[in-house]
Amino acid sequence: MSDKCPDYVTNLYSYIDGELSAEEYEELRQHLLDCPPCLTEYERDMLLKKLVKRACGREQAPEQLRSVIMTQISYSYTQVRYEN
């Protein structure tokens, strides 16, 4: 594990969703090839995204609900990362 792993893990959803620049995407892709712990995080996030997509079908959550959920996820993720 490298010192940059937390930064890479933070950007996994942006990577998965294609929201990174070509340079950022390639850097993270290369890191995943070289770092088994981060690759495991990526695989877990991909699985979670697929499960949520399958479970939710085509229903769209209201924007306010999405905002509350994303804020809570961000808070929980930050709290877990820095407590370990």
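Contact here means heavy atoms within 4.5 Å. By that criterion, and not counting residues up to four places away in sequence, Y13 touches D45 and L48. The model is predicted.

**Overall build**

The chain has five helices and zero strands. From the N terminus on, the elements run α-α-α-α-α. Of the 84 residues in the chain, buried residues make up 17%. Among contacts with a separation of 6 or more, 57% join residues 24 or more positions apart.

**Y13 and D45**

Y13 lies in helix α2. Y13 counts as partly exposed, because its relative accessibility is 34%. One distant pairing involves K49: Y13 and K49 are 36 residues apart in sequence, yet their C-alpha atoms are 9.1 Å apart in space.

D45 sits in helix α4, which spans residues 36–56. With a relative accessibility of 4%, D45 is buried. Leaving aside neighbours within four places in sequence, D45 is in contact with L12, Y13 and I16. L12 and I16 also belong to the largest nonpolar core.

**The nonpolar core**

That core, the largest in the structure, has eleven residues: C5, Y8, V9, L12, Y15, I16, L20, L28, L32, C35 and C38. Helices α1 (5–10), α2 (12–16) and α3 each supply at least two residues of this core.

H31 is found in helix α3. At 11% relative accessibility, H31 counts as buried. Its contacts, leaving aside neighbours within four places in sequence, are S2, C5, Y8 and C38. C5, Y8 and C38 are members of the core just listed.

Several of the residues discussed can be set side by side.

| Residue | Relative accessibility | Class |
|---|---|---|
| C38 | 1% | buried |
| D45 | 4% | buried |
| C35 | 5% | buried |
| H31 | 11% | buried |
| Y13 | 34% | partly exposed |

**Helix α3 against helix α4**

Two packed helices are described by the angle between their axes and the distance between the axes. Helix α3 (residues 22–34) and α4 pack at an angle of about 110°, and their axes are 6 Å apart. That angle makes α3 roughly perpendicular to α4, because 65 to 115 degrees counts as roughly perpendicular.

Which residues meet at this contact? From α3 come H31, L32 and D34. From α4 come P36, C38, L39 and Y42. By type, the residues of the contact divide into five nonpolar, one polar and one charged. Two names recur from the core: L32 and C38.

**Cysteines without a disulfide**

How many disulfides does a search of the whole structure find? The search finds zero. Three cysteines, C5, C35 and C38, are nonetheless listed in the largest nonpolar core.

Take C35. Its sulfur is 3.6 Å from the closest cysteine sulfur, in C38, and that is too far for a bond. A disulfide is a pair of cysteine sulfur atoms within 2.5 Å, so a separation beyond this cut-off does not qualify. C35 is buried, with a relative accessible area of 5%.

C38 is likewise in no disulfide. For C38, the nearest cysteine sulfur is that of C5, 3.6 Å away. C38 counts as buried because its relative accessibility is 1%.

C5 links back to both. Leaving aside its neighbours within four places in sequence, C5 is in contact with H31, C35 and C38. H31 in turn has C5 and C38 among its contacts.

Notes: Residues numbered from 1 in each chain as written. Predicted model: local features only at pLDDT ≥ 70, side-chain atom pairs only at ≥ 80, totals over all residues. Heavy atoms only, no water. Helix = DSSP H or I, 4+ residues; strand = E, 2+ residues; numbered from the N terminus. Buried < 20%, exposed > 50% of the residue type's maximum accessible area, 1.4 Å probe, protein only. Axes fitted to C-alpha atoms, helices over the stretch in contact; angles between N-to-C directions. Parallel < 35°, antiparallel > 145°, perpendicular 65-115°, else oblique. Nonpolar A, V, L, I, M, F, W, Y, C, P; charged D, E, K, R; others polar. Core = buried A, V, L, I, M, F, W, Y, C linked by side-chain atoms within 4.5 Å.
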